[in-house]
Amino acid sequence: MSERVGTQEQLRWDHTATIDVKEIADRRNAKTRERRLLVALLVAADAVATLSAFFFVLWPALLESTSSATSHPLTDTFSACGVVGGLLLVRLTLGLYLPANVLSGSNEYERSFLASSLGTLALVFAGGLVPTFALSGNQPLLFWAWLTFASMIGRFVVRRVVYLLRKRGVFVERVLIVGANREGIAIGTQLAQAKAAGARIVGFLDEVASSPSEPMPGAPLLGRAHDLRHVVETQRIDSVVIADPAQFKECLAADRDTMRILNDTELQMTPGFFEVFTTGIRIREDGFVPLIALNKARISGIHRIFKSTLDRLCSALLLLILLPLFLLLMLLIKLGSKGPAMYRRRVVGLGRQEFDAFKFRTMVMNGNDILTEEQKLELKDYGKLKDDPRITKIGMFIRKYSLDELPQLLNVLRGEMSLVGPRMLTYPELEKFGEWEHSLLTVKPGMTGLWQVSGRSDLTYDDRVKLDMYYIRNYTIWLDIDILIRTIPAMISGRGAY
């Protein structure tokens with residue numbers, strides 16, 4: 001009852017709020033200045049990248065061309081301006097200065113890559129018409145490589161500048177979520193945790209008056225869904241996220257002026273299954289009907305290329321370095337008990353593809369025969385035994401320091417696993433994850449992950465799910481590198497390994 005009273009007081013407060021027209025205008029002007037500053041930073045970064053490619057790759061050829069008697073002294077300056085202007089025009093055409101395409105993850109880098117490629121082709125074509133721009137030998141390839149690398153570095157630096165400014169309140173969006181349901185709260189929590197996203201969750205709207213007055217910390221229930229227009233105006237909302245489309249449709253039917261107000265606000269709709277499906281989505285049309293289609297894998301585009309490259313290079317290098325250790329462990333295992341030094345565990349990978357994960361054997365052969373009924377029941381409930389009589393002496397040492405999983409470097413090299421990812425699962429284990437089952441199979445399982453550096457076998461299945469889902473939703477190449485670095489002390493400590 002107290003929650004309902006508190007909610008009604010909050011609703012009355014929202015209704016009595018007044019609209020400050022001057023404050024709204026000032027807010028709009030501030031957002032316009034922020035957009036112009038961002039475009040200026042991006043243009044400056046792209047111009048510097050293009051000039052660096054021009055002077056380091058094309059400069060020698062231009063020096064030769066300007067040494068002729070017919071050359072004009074300003075040829076170099078005109079040439080540089082022409083190249084920079086032309087390549088910036090290519091980037092403008094590809095939408096690299098539009099708000100929807102900047103700070104947008106891999107999409108921005110993919111567009112930048114395409115712009116560098118098209119710009120280089122345009123320069124080669126221009127060389128056939130204007131001798132000044134003529135490229136010969138390996139110059140086109142060098143120019144393209146330099147421009148691609150420099151422009152991506154420039155965009156990366158701009159992002160870091162924006163992230164720093166967001167800590168000072170610049171480039172921050174005030175977000176309102178329509179729907180305080182399970183999905184709305186999950187989305188709000190995710191946006192609030194992703195500090196680099198620059199989202200300030202102002203609050204929620206929901207028709208259920210008995211909802212908690214504060215669905216998530218710092219984000220109160222500001223009213224009902226039909227109060228959307230009033231709340232957007234009084235709370236200076238920049239972005240509205242629709243987590244409950246049914247409530248939003250009722251709001252539009254009750255107040256036709258709502259869409260007019262939302263014309264100045266970013267309107268975003270969730271696909272309706274945020275908590276269950278973590279893959280990216282794409283919009284497609286069938287019979288002129290817009291439909292949301294799910295990607296088959298969570299990590300795609302340039303992120304997939306970076307992750308795959310890191311996996312293959314590091315696994316190949318580690319296999320060469322650790323070969324003597326492999327041979328030593330295999331010898332000790334063979335001397336300690338009968339049976340093969342390695343065994344294969346049938347697990348489920350990306351897209352439900354089954355494969356054999358390699359591991360060093362740490363148990364005696366036919367070990368289940370020595371288990372008591374109580375131990376078998378505990379094994380069925382928890383998946384592992386703390387005092388497992390099946391484990392050999394050398395096996396205890398190998399497990400403590402996670403050396404038994406080193407052969408999975410072969411799985412990484414074969415593309416079946418990744419260095420970092422969710423814990424690999426068998427089909428019986430997968431059934432325990434319920435509705436999260438699909439999401440866990442949208443990325444390759446990893447040799448290590450957040451579960452490895454956060455307690456390993458001491459974690460419950462619920463804890464593992466939370467950590468794996470956090471990794472899937474927040475994946476970046478930098479998160480992989482951070483986990484790899486944290487894995488070394490986790491292995492040395494042996495905490496949670498049995």
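Residues count as buried under 20% relative accessible area, as exposed over 50%, and as partly exposed in between. The exercises below apply this rule to a predicted model.

**Exercise 1.** Decide whether Arg 224 and Glu 207 are buried, partly exposed or exposed, and find what their salt bridge ties together.

*Solution.* Start with Arg 224, whose relative accessible area of 21% makes it partly exposed. Next take Glu 207, which at 26% is partly exposed as well. The two residues form a salt bridge in which the closest N and O atoms are 4.0 Å apart. Because Arg 224 lies in the loop between β3 and α7, while Glu 207 lies in the loop between β2 and β3, the pair ties together parts that are 17 residues apart in sequence.

**Exercise 2.** Classify Lys 359 and Asp 404, and locate both along the chain.

*Solution.* Lys 359 has a relative accessibility of 8% and therefore counts as buried; Asp 404, at 6%, counts as buried too. Their side chains meet in a salt bridge with an N to O distance of 3.4 Å. This pair links distant parts of the chain, since Lys 359 belongs to strand β9 and Asp 404 to the loop between α13 and α14, 45 residues apart.

**Exercise 3.** Describe the lining of the largest cavity by residue class.

*Solution.* The largest cavity holds about 60 Å³ of space. Its lining includes Val 348, Gly 349, Arg 423 and Met 424. Sorted by class, the lining residues divide into 9 nonpolar, 1 polar and 1 charged.

Key
Residues are numbered from 1 along each chain as its sequence is written. This is a predicted model: local features need pLDDT of at least 70, side-chain atom pairs count only at pLDDT 80 or more; totals for chains, interfaces and linings use all residues. Side-chain values use heavy atoms; hydrogens and water are left out. On a 1 Å grid over the protein atoms alone, a cavity is a set of points where a 1.4 Å probe fits but cannot get out, and a pocket is an open set with protein on both sides within 12 Å along at least five of seven lines; lining residues have an atom within 4 Å of a point. Grid points are joined across faces, edges and corners, and a volume is the space filled by probe spheres set on the points. Ala, Val, Leu, Ile, Met, Phe, Trp, Tyr, Cys and Pro count as nonpolar, Asp, Glu, Lys and Arg as charged, and the others, Gly among them, as polar. Helices (H or I, at least four residues) and strands (E, at least two) are DSSP runs, numbered from the N terminus. Buried means under 20% relative accessible area, exposed over 50%, partly exposed in between (1.4 Å probe, protein chains only).
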